[in-house]
Amino acid sequence: VRGLDYYNHTVFEVVVNNSYALGGGGRYNGLVETLGGPSIPAVGFAMGYDRTILALEENGVEIPVNEENDLYILYVSETEKDYASSLVQALRLCGFICETDLMGKSLKGQFKSVDRFNSKYLIILNDEDLKNNEVVIKDNHTREESRIKVTEIVDFLDNNLCEDGCDCGDCHCEGGHHEEI
């Protein structure tokens with residue numbers, strides 16, 4: 001039984017096919033204050049992961065899985081790691097699928113991740129290149145390398161991930177996020 005003692009007003013539960021609860025929640029005006037915070041009214045909910053997957057399967061819903069990653073960013077030093085985290089976030093905001101290691105793996109371990117994520121491109125950050133606002137981006141399939149300005153990463157990926165003259169609607173060049181990188 002969910003802890004109904006801290007809810008007030010509306011309490012709800014999402015039920016699938018009248019057989020099991022997928023999740024639930026409600027309104028709790030005093031919970032934040034009870035936990036030592038300010039008096040802020042709130043609403044919240046929780047869903048069961050396993051039950052959500054079960055409901056999707058039972059209803060024939062298939063979630064598309066992209067087997068390829070656009071870009072993996074590798075690093076060696078702590079300053080490169082910080083830069084990698086910021087760069088990954090900026091590129092994700094532009095709509096790219098990209099990853100970096102957050103666990104402090106060795107460069108060899110990061111290369112294994114590049115293969116596991118089936119990344120199309122990779123960047124190995126280098127403090128010297130970053131001082132010049134440049135990176136070397138490498139096509140993971142052809143092994144071809146290009147040295148580009150950091151501000152040109154979005155354009156580079158758009159030009160190389162989408163075919164010439166494509167009308168896929170997935171190009172990121174119109175997103176207006178260039179200045180964020």
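This report describes the fold of one protein chain, its sheets, its cysteines and a few residues with unusual backbone angles.

The structure is a predicted model. Its secondary structure comes to six helices and eight strands, and from the N terminus on these elements follow one another as β-β-α-β-α-β-α-β-α-β-α-β-β-α. The chain has 181 residues, of which buried residues make up 33%. The accessible surface of the chain comes to about 11,700 Å², and 51% of that surface belongs to carbon and sulfur atoms. Among the contacts in the chain with a separation of 6 or more, 47% are between residues 24 or more positions apart.

**The sheet of β1, β2 and β3**

Three strands form an open sheet in the order β1-β2-β3, and their pairing is antiparallel. The strands at the edges are β1 (11-16) and β3 (42-47), and each of them has a single partner strand, so one side of each is left without a neighbour in the sheet. Neighbouring strands of this sheet are turned against each other by 15 degrees on average, direction ignored. As general background, strands of a sheet pair through backbone hydrogen bonds, and they can do this in a parallel or an antiparallel way.

Strand β2 (residues 20-28) is joined to β3 by six bridges, and within this part of the structure glycine 25 stands opposite phenylalanine 45 in β3. Helix α2 (residues 49-58) lies across β1, β2 and β3, and it runs at about 130 degrees to β2.

**Pairing of β6, β7 and β8**

Further along the chain, strand β6 (residues 119-124) is joined to β7 by three bridges, and these two strands run antiparallel. Isoleucine 123 stands opposite isoleucine 137, which belongs to β7. Strand β7 also pairs with strand β8 (residues 145-149), again in the antiparallel sense, over five bridges. Here lysine 138 stands opposite glutamate 145 in β8. The hairpin of β7 and β8 has five residues between the strands.

**Residues with a positive phi**

Most residues other than glycine have a negative phi, and for that reason the residues in the table below deserve a careful look.

| Residue | Phi | Where it is found |
|---|---|---|
| Histidine 9 | near 60 degrees | segment before β1 |
| Asparagine 133 | about 55 degrees | loop between α5 (127-131) and β7 (134-139) |
| Arginine 143 | near 70 degrees | hairpin of β7 and β8 |

Are histidine 9 and asparagine 133 buried or exposed? Histidine 9 is exposed, with a relative accessible area of 66%, while asparagine 133 is partly exposed, with a relative accessible area of 47%.

**The cysteines**

A disulfide is a covalent bond between the sulfur atoms of two cysteines. How many disulfides does the count give for this model? The count comes to zero, and the distances show why: the sulfur of cysteine 94 has its closest cysteine sulfur in cysteine 98, at 9.2 Å, which is too far for a bond. The cut-off used here asks for sulfur atoms within 2.5 Å. Seen from the other side, the closest cysteine sulfur to that of cysteine 98 is the one in cysteine 94, so the value is again 9.2 Å and again too far for a bond.

Both residues can also be described by their accessibility. Cysteine 94 has 8% relative accessibility and therefore counts as buried, and cysteine 98, at 2% relative accessibility, counts as buried too; the cut-off for this class is under 20% relative accessible area.

How values were computed
Residues are numbered from 1 along each chain as its sequence is written. This is a predicted model: local features need pLDDT of at least 70, side-chain atom pairs count only at pLDDT 80 or more; totals for chains, interfaces and linings use all residues. Side-chain values use heavy atoms; hydrogens and water are left out. Buried means under 20% relative accessible area, exposed over 50%, partly exposed in between (1.4 Å probe, protein chains only). Two strands pair if DSSP finds at least two bridges between them. Helices (H or I, at least four residues) and strands (E, at least two) are DSSP runs, numbered from the N terminus. Axes are lines fitted to C-alpha atoms, for helices over the stretch in contact, and angles run from 0 to 180 degrees between N-to-C directions. Contact means heavy atoms within 4.5 Å. Accessible areas come from the Shrake-Rupley method with a 1.4 Å probe; for residues, only the protein chains shown count as cover.
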